[in-house]
Amino acid sequence: MKNNKWEKKLQKYKNRKRNFLIKNEKCKFLKLKKVFRPIIRSGLFIQRKINGFSVEIMNEKSAFHNKPIIFVVTHIGKWNFEIVNEQIQEQFYVIAADYKNLSRGLNGIILKANGIVYVDERDKADKMNTKEIMIRLLRCGANIMIFPEGTWNLSENSIVNDIAYGAVYSAIKTGASICPIAIEQYDKRFVINMGKTIEVTGKNINKKKLNCELRDMLATLKWQIWEREGLKKRSDISDDYWKNFIEQRRREWKEYSLREQIINTYIPEEKWQYWLTQIELKTKNIPTWLEILKNEEGLGWMTNDNL
């Protein structure tokens, strides 16, 4: 019953988005959101101090050239949005998929004041509408923040997961700058590595090539964080370290659903098929998070409608 309630609310929200595009409505409250920006950052600073979190910035902030920016951030856990949000002076709209858990309560009010566009990753039409709204906002002079991995990176061997094309598509359409940002978490300590902005200029830009370059840049930024942290001895790492790591991440957010997060993310079809084949062959060549999910909920949820 509760799920039906939230599905109806989400559908109403998607209808408003569609009408916004059909009626060619203007982007509202952009100046007001800029006024709220310092207040939101101060609130995030206080929240971080209460939680006992610390932040380290590896390099100086990138220079922006009086044009809209698409902040493209790696996704590691519950707190990465709040931590990165506090460090950025510019106002922006964040693109988020978890409407049910993010839109309610005080958290939802703060996100609305910040600027947020929810997307239903299960709905192709809504995903396209979200892209068009992103373009509309950028052309109005607003900035965007996107987490292109779609969900927390719980992989033990992928520095950055496969990323969707939304940021690149929007940059090509509007000429906005892309600012890649990597973040890593070490218990209550966060490290941020902000890369140089990517300027998308010229015609006939290869979207696939640019997306690969963006993912490589994000991976390089995260690798630089790992290098800075130094080497660890394999003998100091327990065999069940990664399972414990995943469970620790999940405990940070009691509403977190591993299954829903995976459904909401971008995973190429060929990768899904490879994993399914490995499961059928009963090999160990699947990610730890998928092994956990298989043991907890079986494989019935892995249907073509969900993937």
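This is a short dialogue on reading a predicted model.

Biologist: Start with the sheet. In what order do the seven strands of the open sheet stand?

Modeller: Read a sheet from one side to the other. Here the order is E1-E7-E6-E2-E5-E3-E4, and the pairing is mixed. Strand E1 (54-57) and strand E4 (116-118) stand at the edges. Each has a single partner strand, so one side of each lacks a neighbour in the sheet. From one strand to the next, the twist averages 25°.

Biologist: How many bridges join strand E3 to strand E5?

Modeller: Two bridges link E3 (residues 93-96) with E5 (residues 144-146), and these strands run parallel. Look for Val94: opposite this residue stands Met145 in E5.

Biologist: Now the helices. Which strands does helix H6 lie across, and which does helix H8?

Modeller: Take each helix in turn, then check its angle. Helix H6 (residues 124-139) lies across E2, E3, E4 and E5, at about 160° to E4. Helix H8 (residues 207-229) lies across E1, E2, E6 and E7, at about 35° to E6.

Biologist: Which residues make the nonpolar surface patch?

Modeller: Phe29, Leu32, Val35, Phe36 and Ile39 make this patch of about 510 Å². Ile39 sits in helix H2 (residues 30-51). Why does Ile39 count as exposed? Because its relative accessibility is 57%, and exposed means over 50%.

Biologist: And backbone angles. What is the phi of Asp187?

Modeller: Asp187 has a positive phi of about 60°, although this residue is not a glycine. Asp187 lies in the loop between strands E6 and E7. Lys282 also has a positive phi, near 60°. Its place is the loop between helices H11 and H12. Asp187 is exposed at 54%, and Lys282 is exposed at 76%.

Key:
Residues are numbered from 1 along each chain as its sequence is written. This is a predicted model: local features need pLDDT of at least 70, side-chain atom pairs count only at pLDDT 80 or more; totals for chains, interfaces and linings use all residues. Side-chain values use heavy atoms; hydrogens and water are left out. Patches are made of residues with over 30% relative accessible area and no salt bridge: like charges are joined within 9 Å, nonpolar side chains (Val, Leu, Ile, Met, Phe, Trp, Tyr) within 5 Å. Accessible areas come from the Shrake-Rupley method with a 1.4 Å probe; for residues, only the protein chains shown count as cover. A salt bridge is a side-chain nitrogen of Lys or Arg within 4 Å of a carboxyl oxygen of Asp or Glu. Helices (H or I, at least four residues) and strands (E, at least two) are DSSP runs, numbered from the N terminus. Buried means under 20% relative accessible area, exposed over 50%, partly exposed in between (1.4 Å probe, protein chains only). Two strands pair if DSSP finds at least two bridges between them. Axes are lines fitted to C-alpha atoms, for helices over the stretch in contact, and angles run from 0 to 180 degrees between N-to-C directions. Contact means heavy atoms within 4.5 Å.
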